[in-house]
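Notebook open, and I want to look up which side chains pair up here. I'll start with the charged ones and get to the rings after that.

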Amino acid sequence: MFAKLESIERRYVHIEDSLLDPNLDSAQLKKLTKERAEIEEIVASYREHKAVKKEWDDAREMLESGEPDLRALAQAELDKLQEKLDEIAERLTLLLLPSDPRDSRNVILEI
């Protein structure tokens with residue numbers, strides 16, 4: 001899952017760089033902005049996951065430091081961060097599900 005997220009993030013960065021090109025025509029601009037909008041939430045969640053994972057690693061190091069006061073504080077922090085990591089991972093799993101091609105179509109509803 002994380003390899004796919006890494007490639008999506010690289011694509012997002014490439015799109016951001018491409019949007020800065022002054023020679024971009026309107027068709028390419030429209031295509032790139034649409035693609036960026038489709039993956040923006042995935043990239044934001046992935047970056048949030050990486051940041052929380054780094055905090056979790058730091059808290060883990062603090063837990064292994066050996067000081068009793070820091071260990072209790074680090075354990076409480078680890079529990080909180082683990083819950084947050086699980087929540088973000090669940091959100092990422094849902095975001096990576098393929099979308100239905102009919103989602104972008106218009107709908108007429110008669111009552």
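I counted salt bridges first and got ten, taking a salt bridge as a side-chain nitrogen of Lys or Arg within 4 Å of a carboxyl oxygen of Asp or Glu. Before going on, a note to self: this is a predicted model, where local features need pLDDT of at least 70, side-chain atom pairs count only at pLDDT 80 or more, and totals for chains, interfaces and linings use all residues. Residues are numbered from 1 along each chain as its sequence is written, and side-chain values use heavy atoms, with hydrogens and water left out.

**Entry: Glu-9 and its partners**

I looked up Arg-47 and found its side chain in a salt bridge with Glu-9, at 2.9 Å from N to O. Arg-47 lies in helix H2 and Glu-9 in helix H1, so this pair ties together parts 38 residues apart in sequence. (Helices are DSSP runs of H or I, at least four residues, numbered from the N terminus.)

Then I checked Lys-50, which also meets Glu-9 in a salt bridge, 3.0 Å from N to O. Lys-50 is in helix H2 and Glu-9 in helix H1, so here the parts tied together are 41 residues apart in sequence. I noted the three residues Glu-9, Arg-47 and Lys-50 as linked in a network of salt bridges.

Buried or exposed, I wondered about Glu-9? Glu-9 counts as buried at 10% relative accessibility, the cut-offs being under 20% relative accessible area for buried, over 50% for exposed, and partly exposed in between (1.4 Å probe, protein chains only). Its partner Arg-47 is partly exposed at 37%, and Lys-50 is partly exposed at 36%.

**Entry: Glu-16 and Arg-36**

Next I pulled up Glu-16, which forms a salt bridge with Arg-36, the closest N and O atoms 3.1 Å apart. This pair links distant parts of the chain, with Glu-16 in helix H1 and Arg-36 in helix H2, 20 residues apart. I have Glu-16 down as partly exposed at 28% and Arg-36 as partly exposed at 25%.

**Entry: rings**

How many aromatic pairs did I get? The count is one, with ring centres of Phe, Tyr and Trp (its six-membered ring) required to lie within 6.5 Å, and planes under 30 degrees apart called stacked, over 60 edge-to-face and the rest tilted. The pair is Phe-2 with Tyr-46, tilted, at 6.5 Å centre to centre and 40° between the planes. Phe-2 sits in helix H1 (residues 2–19) and Tyr-46 in helix H2 (residues 26–63), so the pair ties together parts 44 residues apart in sequence. I logged Phe-2 as partly exposed at 39%, whereas Tyr-46 is buried at 6%.

Conventions. Helix = DSSP H or I, 4+ residues; strand = E, 2+ residues; numbered from the N terminus.
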